[in-house]
Amino acid sequence: MKTKAAVLTGLNQPFEVLELDLDGPREGEVLIRFVAAGLCHSDLHLPSGDLPSRLPIVAGHEGAGVIEEVGPGVTKVKPGDHVVCSFIPSCGICRYCSTGRQNLCDLGEFLLDGQMLDGTFRFHHEGTDVGGMCSLGTFSQYATVSQYSVVKIDESIPLEKAVLVGCGVPSGWGTAVNTGNVRAGDTTVIFGAGGLGMNTVQAAVHAGAKNVVVVDPQEFKRETALKFGATHAFADAAQAHEAITEMTRGQMADQALVLVGTVDETVVQSAFSAIGKGGVVVVTGLANMEHLTVHVSGAELTLWEKTIKGSLFGSSNPQYDIVKLLGLYQAGQLKLDELITRQYRLEEVNEGYEDLVEGRNIRGVLIHEH
């Protein structure tokens, strides 16, 4: 069949909307009609070269839609089911899945090249194989994906809202409560209040943190963070550091959570300085894989027993946590509607990313037309 998709054909290039050929599902695969896709900053790490990937590739790794067809051996879903895609597939049987770490599933080895789990491709353009980001490619009207990449959800939840729990919400939420272990009474500082960081704010508030401090240069994001429950918001790390020192009487923060769009050594150093004895820095944001972005005092790391940790998908288990977070949304304990600043058509994808870079959006959502 034919499908329209936003494709990256070269580094430092805008996304191109092209008509592609799409193969149907093979063993263990499903054909999905995407209704919505989230515009996540991680997609911009493809054209920048921060995440080395095979080109051309259909962008987009946050998606929700309806199952149109299933291939042989598919048992998880059936045609007509509403699903959210997880950008981390989970097989359920590898070492990591079987020990409760689905976010580290061995099937993740295929994600940057955008191929299917058998090493082949389902998207094609003029005889050239085209990958799908995270083996998904949610910036396409239709895609063939692995059954291990989809999670069935309640059909009463609007897909243009549910799409956010495919990446931004669990990655941000889990950064606080899973990787960072935010607990009642803690002081938590969050660097970056965009599509991920705003959910870190929600999670820290939900966990009962006494002080939820946000650092973001964008006034719009600071104001939004306060509406989402943050207790303090500052434009730079120096202001936040002074305030944390005062509010904790010099004990400093329990957690410093880094969710900026592109991580550098300055923000990591600021986060490290913001935590006290036994505190933890969690780095969720990305940067060029060849850049060394963590430079801190080893003596301070040892003498104060500080910890620096990475977090992928918020250390969440997608098959469980996606459904759990949507349950919190249904119960009125998780804001999704308020995260969406603007909706875009497929042809407006580059405009959506311009808005993201300029700080005009918390989350933009692309709505597919069929």
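Here are some friendly notes on the strands, unusual backbone spots and empty spaces of this predicted model.

1. Let us start with the barrel. Five strands close up in the order β1-β2-β7-β8-β4, and their pairing is mixed. If those words are new to you, strands of a sheet pair through backbone hydrogen bonds, either parallel or antiparallel. You can follow one such pair by eye: β1, which covers residues 2-8, runs antiparallel to β4, and two bridges join them. L8 has I57 as its bridge partner in β4.

2. Next, look for the open sheet. It has six strands, ordered β13-β12-β11-β14-β15-β16, with parallel pairing. At its edges are β13 (232-234) and β16 (307-310), each of which pairs on one side only. From one strand to the next, the twist averages 15 degrees.

3. Inside that sheet, try zooming in on β14 and β15. Five bridges hold this parallel pair together. A handy landmark is V258, which stands opposite V283 in β15. Keep these two strands in mind, as they come back in point 6.

4. Which strands does helix α5 lie across? Residues 237-247 make up this helix, and it lies across β11 (187-191), β12 (211-215), β13 and β14. Its direction makes an angle of about 165 degrees with that of β12.

5. Further along the chain there is another parallel pair to find. Strand β17 (residues 340-344) and strand β18 (residues 363-367) are joined by four bridges. I340 is matched with R363 in β18. Between the two strands the chain passes through helix α9, residues 349-357, and this β-α-β crossover is right-handed.

6. Now for the empty spaces. Rolling a probe the size of a water molecule over the atoms shows where empty space is left. The second largest pocket has a volume of about 150 Å³. Its lining is made by G250, Q251, M252, A253, D254, G276, K277, G278, G279 and W304. Here the two strands of point 3 return: β14 (253-258) and β15 (275-283) each supply at least two lining residues. The most comes from β15, with four residues. By class, the lining of this pocket has three nonpolar, five polar and two charged residues.

7. How many cavities of 30 Å³ or more does a search of the whole structure find? There are two. The largest cavity has a volume of about 70 Å³. Around it you will find G114, M116, F121, R122, F123, V130, G131, G132, S135, L136 and T144. Strand β8, residues 128-132, gives the most to this lining, with three residues. You also met β8 as one of the strands of the barrel. The lining of the largest cavity divides into five nonpolar residues, five polar ones and one charged one.

8. The second largest cavity holds about 30 Å³ of space. Its lining consists of P170, W173, G174, V177, N178, S316, D321, K324 and L325. Two elements, α2 (168-179) and α8 (318-330), give two or more residues each to this lining. The largest share belongs to α2, with five residues. Sorted by class, the lining of the second largest cavity comprises four nonpolar, three polar and two charged residues.

9. Finally, two spots in the backbone deserve a look. As background, most residues other than glycine have a negative phi, and most peptide bonds are trans. The bond between L55 and P56 is a cis peptide bond, with omega at about 0 degrees. P56 sits in the loop between β3 (29-39) and β4 (57-58). The other spot is C134, a residue other than glycine with a positive phi, near 55 degrees. To find C134, go to the loop between β8 and β9 (142-146).

Notes
Residues are numbered from 1 along each chain as its sequence is written. This is a predicted model: local features need pLDDT of at least 70, side-chain atom pairs count only at pLDDT 80 or more; totals for chains, interfaces and linings use all residues. Side-chain values use heavy atoms; hydrogens and water are left out. On a 1 Å grid over the protein atoms alone, a cavity is a set of points where a 1.4 Å probe fits but cannot get out, and a pocket is an open set with protein on both sides within 12 Å along at least five of seven lines; lining residues have an atom within 4 Å of a point. Grid points are joined across faces, edges and corners, and a volume is the space filled by probe spheres set on the points. Ala, Val, Leu, Ile, Met, Phe, Trp, Tyr, Cys and Pro count as nonpolar, Asp, Glu, Lys and Arg as charged, and the others, Gly among them, as polar. Two strands pair if DSSP finds at least two bridges between them. Axes are lines fitted to C-alpha atoms, for helices over the stretch in contact, and angles run from 0 to 180 degrees between N-to-C directions. Contact means heavy atoms within 4.5 Å. A crossover is right-handed if, with the strands pointing away from the viewer, the path from the first strand over the helix to the second runs clockwise.
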